[in-house]
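Colleague: I should like to learn how buried helices, helix packing and salt bridges are read from a model. May we go through them in turn?

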Amino acid sequence: MDAMLLVGIASARLERSEEAVSMLSVVSERAPDVYLVYYWLASAHRRLKNLPQALEMAQKAVSLGPKEAQGYHQLGLCYLELQAWDQAAKQLHTAAKLAPQMAATHASLGCALEELGRPSDAREAYLRAVALNPKHINALSQLGLMHIHQLDYEGATKYAKLILAADPDAIRGHALMAAVLIGLNKPAEAKAHADRVLAQQPDKPDTFTLYGTMLQAVGQLDEADAYFRRSIEMEKLQGYPYYGLVRARKLKGTDQELVDQMEKVLLDPALPRVFRRDLEYALGKAHSDLGQAGQAMAHYDAGNALLRQQRFGVAQFDARHFSKGVDYVIRNFGAEFIEANSVHGSADPLPIFVVGMMRSGTTLAEQILSSHPAIAGAGERRFWMEHRQDFLAPPGNRVDPKRLKDVCEAYVGLLREFGRDASRVVDKLPTNYGHVGLLHVAFPHAAIIHMRRHPVDTCLSIWMTLNSATVEWSCVKKNIVFVYNEYLRVMEHWRRVMPPGKMFEVDYEDLVTDPEPTIRAMVEHCGMEWDDRCLRPQDNQRAIATPSDWQVRQPIYRSSVERWRMFEPYLGEFAELLEQRP
């Protein structure tokens, strides 16, 4: 083999890419039909971000080595970086067929499938990569992030631990663990991992974005801004750092330079789609703050379209299946079921369940209640989504007392992680509204608080929020309206069948316009003595991992009441809900 070819390949392997391109280009003139020359030229050009040249070299490599899996893998990587997701998936599928034992190919295929909005297929690809190489850090990291998008922080923890077991210094492992611990409301532990990332990778914008996100979660907003700005200084073609800057404060006319910068970045064709999505939401928030409703809605519409494409691709929300789920609840969990089975429930009054539609004020309610020294906040726990059927005996409308006891003990153990000595612990997963009857059966002495808000304000807020959780119906207005009406249907059912006084309903508008009597009633419903600290939720320094983390750190304000009026010309399907009440 040509000595210069060997040296060129060695340079490419060592990531001395400019040197590799120089040598291999000379070799390609002498040996224009050698597969390895073009394979390594493609690799070197790709590392130098010379993507058109990399693509040309990879295509040449594939034409010279049509049975070489690595060539198709390299071509797939070029298409990935060019954001040509369909082509990337096609080439990586071919590579996987030619060499199914290559873990890296399956991991790269997972990335392409995620971008195509095929999360289930992407998960399978990542799992295949991990089966072939249990220490494949990229695949483990992506699987962990998928669990975070499902609010399954416990599942994500498993993957973070696997990464750190494989490599205790792995930056991806510490970054993933920091994100998990932010979601679990454990800021001190999250900071320790974020510090490791910062120490090892002080020159990467992602590091500063991670740190800013962590600081925002614990309410250090000015410090968070500094980290987001530093990230942007290092790389302007981003998305989330801009979103982080604008989401945690109300922009004013003096912020026009920032808005102009974001608009300029959005127009850059080199901006990756995932960053474009974040930037659309950031600009929506910016124009909304500046009173420019039409421009704001245009950006929110674009952001939702991108989010839907990325998370779900061409998959359609199954409204019929959703409605059947509500029918099942109404049919099986009525007054007789609740009365007959609540005698088997736990006598522990520890849980406070705060339920409601997304963006109805559940985070504010938790922030207020957890300001009480005897009440802790657990954030949004997925426990009942995963275990609500565990204590039901066939055909699904009878309770197995032994299994119910086990489930209740496991749940109390989970809550105790967030409040070792607390008298009460708040679980504020909004979608627990669908399980109110089962929650009462499991914990008949627990407080249940239903947060209600004006339908259009609620739906607009969903539309205008970049939610890290995967919510299959939240990116299409007609789907949001449909789910809102189904929510109304199931809540009306609980009003009919729940024992009187067991479900306390709070109107968001009452809470923010006349806070003290409403908050006193909430605290009384939870069986607790009054404490004035509940009137100052902005002083509560606990970590918050929901999109409302900024709002609930302000003194209680009413500017979000009837916010829909500003956007009335642009409501679209949301206007159907103007006559509804929750």
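Modeller: Let us begin with burial in helix α7, bearing in mind that the model is predicted. The buried residues of α7 are A103, T105, H106, A107, S108, L109, G110, A112, L113, E114 and E115.

Colleague: How many of the residues of α7 are buried, and what follows for the helix?

Modeller: Burial is judged by relative accessible area, with under 20% counted as buried. In α7, 11 of the 13 residues are buried, so the helix is largely enclosed by the rest of the structure.

Colleague: What covers the buried residues of α7?

Modeller: The cover includes α5, α6, α8, α9, α17 and α18 (residues 293–312).

Colleague: How does one read the length of α7 from its first C-alpha to its last?

Modeller: One compares the span with the value expected at 1.5 Å a residue. The 13 residues of α7 reach 19 Å, close to the expected 18 Å. Just after α7, G117 takes a positive phi of about 75°.

Colleague: Which residues are buried in α6, and what do they pack against?

Modeller: Helix α6 (residues 85–98) has 14 residues, and its reach of 20 Å is close to the 20 Å expected. Its buried residues are W85, A88, A89, Q91, L92, A95 and A96. A general point helps in reading such a list: an α-helix has 3.6 residues a turn, so residues three or four places apart point the same way. The buried residues of α6 pack against α5 (69–81), α7 and α17.

Colleague: At what angle do α8 and α9 pack, and how far apart are their axes?

Modeller: A helix pair is described by the angle and separation of its axes, then by the handedness of the crossing and the residues that meet. Helix α8 (residues 119–132) and helix α9 (residues 137–149) pack at about 145°, with axes 9 Å apart. Their crossing is left-handed. From α8, the residues P119, A122, R123, Y126, L127, A129 and V130 meet A139, L140, Q142, L143, M146 and H147 of α9. By class, the residues of this contact are 10 nonpolar, 2 polar and 1 charged.

Colleague: How many salt bridges are there, and which parts of the chain does the pair R273 and E115 link?

Modeller: A salt bridge here requires a side-chain nitrogen of Lys or Arg within 4 Å of a carboxyl oxygen of Asp or Glu. The count comes to 29 salt bridges. For each pair, one asks how far apart the partners are in sequence and whether they are buried. R273 and E115 meet with an N to O distance of 3.4 Å. R273 lies in helix α17 (residues 273–289) and E115 in α7 (residues 103–115), 158 residues apart, so that distant parts of the chain are linked. Both R273 and E115 are buried.

Colleague: Are D195 and K191 buried or partly exposed?

Modeller: D195 is partly exposed at 28% relative accessible area, and K191 is also partly exposed, at 39%. Their side chains form a salt bridge of 2.9 Å, N to O. The two residues are 4 apart in helix α12 (residues 187–200), a separation of about one helical turn.

Colleague: Where do D507 and R452 lie?

Modeller: The side chains of D507 and R452 meet in a salt bridge of 2.9 Å, N to O. D507 lies in strand β7 (residues 503–507) and R452 in strand β6 (residues 447–452), so the pair ties together parts 55 residues apart in sequence. Both D507 and R452 are buried. Through shared partners, salt bridges join R452, E492, R495, E505 and D507 into one network.

Technical notes
Residues are numbered from 1 along each chain as its sequence is written. This is a predicted model: local features need pLDDT of at least 70, side-chain atom pairs count only at pLDDT 80 or more; totals for chains, interfaces and linings use all residues. Side-chain values use heavy atoms; hydrogens and water are left out. Axes are lines fitted to C-alpha atoms, for helices over the stretch in contact, and angles run from 0 to 180 degrees between N-to-C directions. A crossing is left-handed if the near helix is turned anticlockwise from the far one by less than a right angle, and right-handed if clockwise. Contact means heavy atoms within 4.5 Å. Ala, Val, Leu, Ile, Met, Phe, Trp, Tyr, Cys and Pro count as nonpolar, Asp, Glu, Lys and Arg as charged, and the others, Gly among them, as polar. Buried means under 20% relative accessible area, exposed over 50%, partly exposed in between (1.4 Å probe, protein chains only). The expected span of a helix is 1.5 Å times one less than its number of residues.
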